[in-house]
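Hi everyone, thanks for making time. I'd like to walk you through a structure that will be new to most of you, so let's put it up on the screen.

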Amino acid sequence: MLLSTLIVVLQEILEAALIISLLLVICRLRGASGRWVWPAAIAGAVGAALYASLIEEVSLLFDYTGQEITNAALQLGIYLCLAASALLMGCGTERRERLLRLTMTLAVSLAVVREGFEILLYQSGLMASPELVTPLLVGATLATGIGASIGALFYYGLLSVPAAPRRTLTLGLIALFGGNMLSQAALMLIQSDWLPGGAILWDSSALLPEDSLAGQLFYALVGYEATPSLTQAIAYFGGFTLLAGLAAAATRCGDNPFTQDHRP
Amino acid sequence: MKVPLLPRVAALAALIAAPLAIAAPPVVEIEIRDHLFFPSTVRVPARTKVKLVVINRDPTAEEFESYELNREKIIPGGATSVIFIGPLAPGEYPFFGEFFPKTAQGRVIAE
């Protein structure tokens, strides 16, 4: 029980930890404060609790596919916040800085809602059995610790990359994350029969199984799917290209603070 | 000649509904009881979209998950839910309940 709790919770935490680390790296490189992450996480946790408590009602909507539609809306929301953030990253006026903080806060809040509600549902069901409470709490605590450590490792890892490739790398990773969000949103809409799936493009499950550790890590990092459908691939690459383009255009700006190293 | 309105509307509705009725995907039901899937083997037609209706009889939530089917959905305790799968190439597609992976296992066979 402890191990399966650890895996379930860690899977959910990894994605949120990743986007938080990426956005914090950007703040750090811009010399901006990253303190917004706390209210963002708290707002996300409240949202997740609300979503989890309404799950039965939500599930009934849209002919029993309300959960997919809600998740797709959350993922699309995260993508739009990242796109807005990319646009605002350019020349930093005071007003733009405030707006950027807002879009980053929203992106993290929505990510925490999306991942958090699954953890809460998982836990609420099992907490009813007294003998499961201890393994659950230990598993969840371990998973939170591991997830936070991977996030921190990622954060400091990126900061230790030399300044020139770091900018491209950080923006590239954000664009990949955005593509992943759109691809997951497309998958939700396929699952609820709102979008056609199209052909399965390839099957790499023998090469890198999705249920392997590497597969799971790649899933969290870049949205790896062993058998992606055409619609998902279009959403992924379209989302990636648009976001990378926006970020590249916005940061190609005269006195761009993003290219400078603000570390003391 | 004046045709009464009601039959005309009915005929029109039938015209619109007929292709929809034909296109409606086959429905397959799966129940979750005591963290097990019933039936644990589900046969579905290949190359056709199928509507899986998953009924969770347990008080606890379960997550229907399948890497092979590319599907993942939480079924709240005591709730009914719908997951569309396919069109699938003929073959076997395992699925499991992520919240109770040791017991809740099953497979879809497309043929």
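**Helices and a chain contact**

Let's start inside chain A, with helix α6. The buried residues of α6(A) pack against two other helices of chain A, namely α1 (2–30) and α5 (94–126). And please keep in mind that this is a predicted model.

So which residues of α6(A) are buried? They are A:G139, A:A140, A:A143, A:G147, A:G151 and A:F154. The helix itself covers residues 130–159 of chain A, which makes 30 residues. From its first C-alpha to its last, α6(A) reaches 44 Å, close to the 44 Å expected at 1.5 Å a residue.

Now over to another pair in chain A: helix α7, residues 163–191, and helix α9, residues 230–251. How are two packed helices described? By the angle between their axes and the distance between the axes. For α7(A) and α9(A), the angle is about 150° and the axes are 7 Å apart. Angles over 145 degrees count as roughly antiparallel, and α7(A) and α9(A) are therefore roughly antiparallel to each other. The crossing of α7(A) past α9(A) is right-handed. Looking at residue classes, that contact has 17 nonpolar and nine polar residues, and no charged ones.

Last stop, where the chains meet. Chain A puts 24 residues into the contact and chain B puts in 18. On the chain B side, β6 (71–75) and β7 (80–85) each supply at least two residues. Which of them gives the most? That's β7(B), with five residues. By class, the chain B side splits into ten nonpolar, five polar and three charged residues.

Technical notes. Residues numbered from 1 in each chain as written. Chains lettered and ligands numbered in written order. Predicted model: local features only at pLDDT ≥ 70, side-chain atom pairs only at ≥ 80, totals over all residues. Helix = DSSP H or I, 4+ residues; strand = E, 2+ residues; numbered from the N terminus. Expected span 1.5 Å × (residues − 1). Buried ≥ 20, exposed ≤ 12 C-beta atoms within 10 Å, placed from the backbone. Contact = placed C-beta atoms within 7 Å. Axes fitted to C-alpha atoms, helices over the stretch in contact; angles between N-to-C directions. Parallel < 35°, antiparallel > 145°, perpendicular 65-115°, else oblique. Left-handed = near helix turned anticlockwise from the far one by under 90°. Nonpolar A, V, L, I, M, F, W, Y, C, P; charged D, E, K, R; others polar.
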